[in-house]
Amino acid sequence: MKMLQLVLILLVLSGVFTQDSKWGVKYPDKPICAVRGFSVSIKCSYSDPQTRQVKQKLWCSMNSNTDKCEAPQYVYNSSINTESDFKFTGDDKSDCTLLIHNVQFSYSGVYKFRFSTNVTGGKWTGEPGATLQVTDLKVSLIRLSGNGTLKQGDSLNLTCDVSCTHTSSQFVWSKNNQRLYTSGPVLHFPALTLRDSGDYTCTWGTGETSGSETISLHVEDDTENPERWLMWVIVGVTAGVIVIITGAVIHKRRSVHTEQKNEDDSENYNNVQKDEDDSAIYTNIQKDEDDSAIYANL
């Protein structure tokens, strides 16, 4: 009997007691994916054979070469009141959930929970631990037609990508903080219009975490296109030059026509004047002849 008790004590101290004895810690079955800069929750539950009073709770990061959950590997220690990104949100009975704020790439790794009771040797470290993977959430613009700045009629896809996503992932799209009635990692635009301009946000989430990323679309009006504006300027200047040249030609022709008319009028005047002078000369000659006839008769 004493030998059996001794074996039980040794198993408890070693932390490898069988699950049937109800000592244990339960972690998520699959690795947990988290987005850098956001929060993630590692769900966890624990139990001991006699539901004794829990005296201390530890969460450890197992990034070092040791498998033991003890100082200085812990990221949370209920015996020490410190401010950090790691917060225990469980209780003293069965919930050992760990909440991590402002997740960073360095937080990737395996985490284990360890608790101790008010009974000597009543300590337990849960195996195999929870695996956390940290990634970036990216929203990419993929052009299907058109190039350069976005113009009306161009087609494209907005793609929301999380490298460690799994089947329970959900994608929610919104425009200017208004939710869109679409789902999935891809938002398709078959033909852009001016109304499609705005800020598009992809929010990705699972039961443990979420994250979001925003991208802006600006669809140019035809009048906003510098090349098109320059083309219209060139057309306008060319039209103006043509009008000026045409006006000058017309004015020149009118001037020539006026000068020609004046010359013709002057010539006509001279002819008339010449005719008048000739008529006067003829009249004088006729008068002289009449006077000569009268004189001869006398």
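**Group meeting: a walk through a predicted model**

Okay, let's start with a single residue: glutamate 127 is partly exposed, because its relative accessibility is 45%, and that sits between the 20% and 50% cut-offs. Before I go on, keep in mind that what's on the screen is a predicted model.

So what does glutamate 127 do with its side chain? It forms a salt bridge with lysine 112, and the closest N and O atoms are 2.8 Å apart. This pair links distant parts of the chain: lysine 112 belongs to strand β9, residues 109–117, while glutamate 127 is in the loop between β10 and β11, and the two are 15 residues apart. Now, is lysine 112 buried or exposed? Lysine 112 counts as buried, because its relative accessibility is 6%, and buried means under 20%. So here a buried lysine meets a partly exposed glutamate.

How many salt bridges does a search of the whole structure find? Four. Let me show you another one, between the side chains of aspartate 136 and arginine 36, at 2.9 Å from N to O. Aspartate 136 is in the loop between β11 and β12, and arginine 36 is in the loop between β2 and β3, so this pair ties together parts that are 100 residues apart in sequence. Aspartate 136 is partly exposed, with a relative accessible area of 22%, and arginine 36 is partly exposed too, at 36%.

Then there's aspartate 154 with arginine 143, where the closest N and O atoms are 3.1 Å apart. Aspartate 154 lies in the loop between β12 and β13, with arginine 143 in strand β12, so this bridge ties together parts 11 residues apart in sequence. Aspartate 154 is buried, at a relative accessible area of 8%, whereas arginine 143 is partly exposed at 27%.

Let's zoom out for a second. The protein's secondary structure comes to two helices and 18 strands. Of its 298 residues, 30% count as buried. And if you take contacts between residues at least 6 apart in sequence, 59% of them join residues at least 24 apart. As for the outside, about 19,500 Å² is exposed, with carbon and sulfur atoms supplying 54% of that.

With that many strands, we should talk about sheets. A quick reminder: strands of a sheet pair through backbone hydrogen bonds, either parallel or antiparallel. One open sheet here has three strands, in the order β3-β8-β7, paired antiparallel. At the edges are β3, residues 40–42, and β7, residues 86–88; each has a single partner strand, so one side of each is left without a neighbour in the sheet. On average, neighbouring strands of this sheet are turned by 25° against each other, ignoring direction. If you look at β3 and β8, three bridges join them, and isoleucine 42 stands opposite leucine 98 in β8.

Another open sheet has four strands, ordered β15-β14-β17-β18, again with antiparallel pairing. Which are the edge strands? They're β15, residues 178–183, and β18, residues 210–217, and each pairs on one side only. In the middle of that order, β14 and β17 are joined by six bridges. One partnership to find on the screen is tryptophan 173 with cysteine 202 in β17.

Now two more residues. Aspartate 48 is in the loop between β4 and β5, and it counts as buried because its relative accessibility is 7%. Which residues is aspartate 48 in contact with, leaving aside neighbours within four places in sequence? Lys22, Trp23, Phe115 and Thr117.

Glutamine 133 is in strand β11, residues 130–135, and is partly exposed at a relative accessible area of 34%. Beyond its neighbours within four places, its contacts include Pro31, Ile32, Ser108 and Cys164. Glutamine 133 and glycine 109 are 24 residues apart in sequence, but 6.8 Å apart in space, going from C-alpha to C-alpha.

Last stop: a helix. Isoleucine 245 is in helix α2, which covers residues 226–297. Together with Val237, Val241 and Val249, Ile245 makes a nonpolar surface patch of about 320 Å².

That's my tour. Thanks for listening!

Definitions and conventions. Residues numbered from 1 in each chain as written. Predicted model: local features only at pLDDT ≥ 70, side-chain atom pairs only at ≥ 80, totals over all residues. Heavy atoms only, no water. Patch = residues over 30% accessible without salt bridge, like charges linked within 9 Å, V, L, I, M, F, W, Y side chains within 5 Å. Areas by Shrake-Rupley, 256 points an atom, 1.4 Å probe, with all protein chains shown as cover. Pairing = 2+ DSSP bridges. Axes fitted to C-alpha atoms, helices over the stretch in contact; angles between N-to-C directions. Buried < 20%, exposed > 50% of the residue type's maximum accessible area, 1.4 Å probe, protein only. Contact = heavy atoms within 4.5 Å.
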